[in-house]
Amino acid sequence: YRFPTTPVRTIYIACPAFAETGGPEALHQLCHMINTGEYAYADSSSNSEDAAPSKYDEFGRAITANNSSGATNGSGDGGGKGAAANSAKNQNNVIKAYMLYLRERNGTKDLEHIHSPRARSSKYDRYDAPPAQSLPGGQYEYENKHFNDIRTPENYSLPQYSSDLIIWPECWTHLIDSLQPPTHDDNSNYADGRKKHQVAIWWLSVNNNKGRFLPHQFALRRDVLHLVQSAYAREYVSSNLRRGGNAAATKNGGGKSGGEKGSGGGGDGRNVLTLTEFLPYASPTFSTQLASKEDAQQTDSNGDSNQNRDLDVVYNPAKGMHYTDEIIRRACGKKAKTHPDGSVSGGGITFSPIGKGEGGRERMTGEEVVALLKRSKVYI
């Protein structure tokens, strides 16, 4: 395996069909930001020097006189409405992203591509996240003509990469090769002329991976781009890359691993990329509920809500409970009392789970979570 050099033209974001949780919401947000950011790519069909910008920033946006600093404006498009975006638009060199709704069959690597409009919740209709009509690889004739992967004597026997990229959520790392086209027996070229698509893993929740992506895979799979959105995830990925690179170096007789400083030993600095997400219910652009006059009257001059915060502490019962249990034990002491709704009180403090029903085990909708947080004083 090696890191791809082909420019990415089309991004497919794999998402569990019929799912409505924080992870799928973040996946739709990513698709939306890619499609509204107007990121550009370069291909080999451009013959003139003016056909494509010569420089790109770290986000893949074309650098021009109006976008040389990489600064973003209030809309977050980084000047995308200016010359850089227009240049990309005129050349039709704008990267496109699509949602790839999949369903895993019986825990196997057999995936079903869901075309039904019901594959996603209507709450995601607010995003510019069109569903993919076909699987990656459908444009391989165009690929072979316009997109060239850099070949060297060292990697000539390895498959070439297409300009398609699939981003997999961390819960599906065992499926990252499931949509690749069939290969010849020597695994060097694909039987039907298609190229291997590029692969990325977005570590939305490290713990949700449940160890499916094994330590040795970090070192072996140098072709994988790792996307992280927290210091915890970055440290997890980087430490595994370093550990895998050091193990490989030891196996090969010592010496330094091939990674750059700060990137992890299993690859180079391109292997780990930081992403962020936003809270749609707090964003005027995406919130489906406009503030009423009554809401406005309950807001003070600092923009803070005057709503009665009658809950002391709320916590997520699905995350880090070994820490939360210890906090509750120390705060409530021997006088701790558990209530039917799952809350625990003692020592003058009540801890409430973010959930409903008996024991707080039922999942809340996003709107219900926001309403609960608005009532709480502290969130763990």
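In the predicted model, arginine 221 is in contact with Tyr1, Ile176, Asp177, Lys196 and Phe213, its neighbours within four places in sequence being left aside. Arginine 221 belongs to the loop between α4 (215–220) and β6 (224–228). Its relative accessibility is 5%, and because buried means under 20%, arginine 221 counts as buried. Two polar contacts of its side chain were computed. One is made with the side chain of aspartate 177, at 2.8 Å; another is made with the side chain of aspartate 223, at 2.9 Å.

Strand β6 follows this loop. Five of the five residues of β6 are buried, so the strand is largely enclosed by the rest of the structure. In a regular strand the side chains alternate between the two faces of the sheet. In β6, Val224, His226 and Val228 lie on one side and Leu225 and Leu227 on the other; all are buried, and both faces are thus covered.

Strand β6 is paired with β5 and with β7. Five bridges join β6 to β5 (residues 196–203), and the two strands run parallel. Within this pairing, valine 224 of β6 is the bridge partner of valine 199. Lys196, one of the contacts of arginine 221, falls within the residue range of β5. The pairing of β6 with β7 (residues 272–274) is also parallel and comprises three bridges; here valine 228 stands opposite threonine 274 of β7. Together, β5, α4 and β6 form a β-α-β unit, which is right-handed. The loop that holds arginine 221 connects the helix of this unit, α4, to β6.

Note on methods:
Residues are numbered from 1 along each chain as its sequence is written. This is a predicted model: local features need pLDDT of at least 70, side-chain atom pairs count only at pLDDT 80 or more; totals for chains, interfaces and linings use all residues. Side-chain values use heavy atoms; hydrogens and water are left out. Helices (H or I, at least four residues) and strands (E, at least two) are DSSP runs, numbered from the N terminus. Buried means under 20% relative accessible area, exposed over 50%, partly exposed in between (1.4 Å probe, protein chains only). A polar contact is a pair of N or O atoms within 3.5 Å; within protein, one must be able to donate a hydrogen and the other to accept it, and residues adjacent in sequence count only if both atoms are side-chain atoms. Contact means heavy atoms within 4.5 Å. Two strands pair if DSSP finds at least two bridges between them. A crossover is right-handed if, with the strands pointing away from the viewer, the path from the first strand over the helix to the second runs clockwise.
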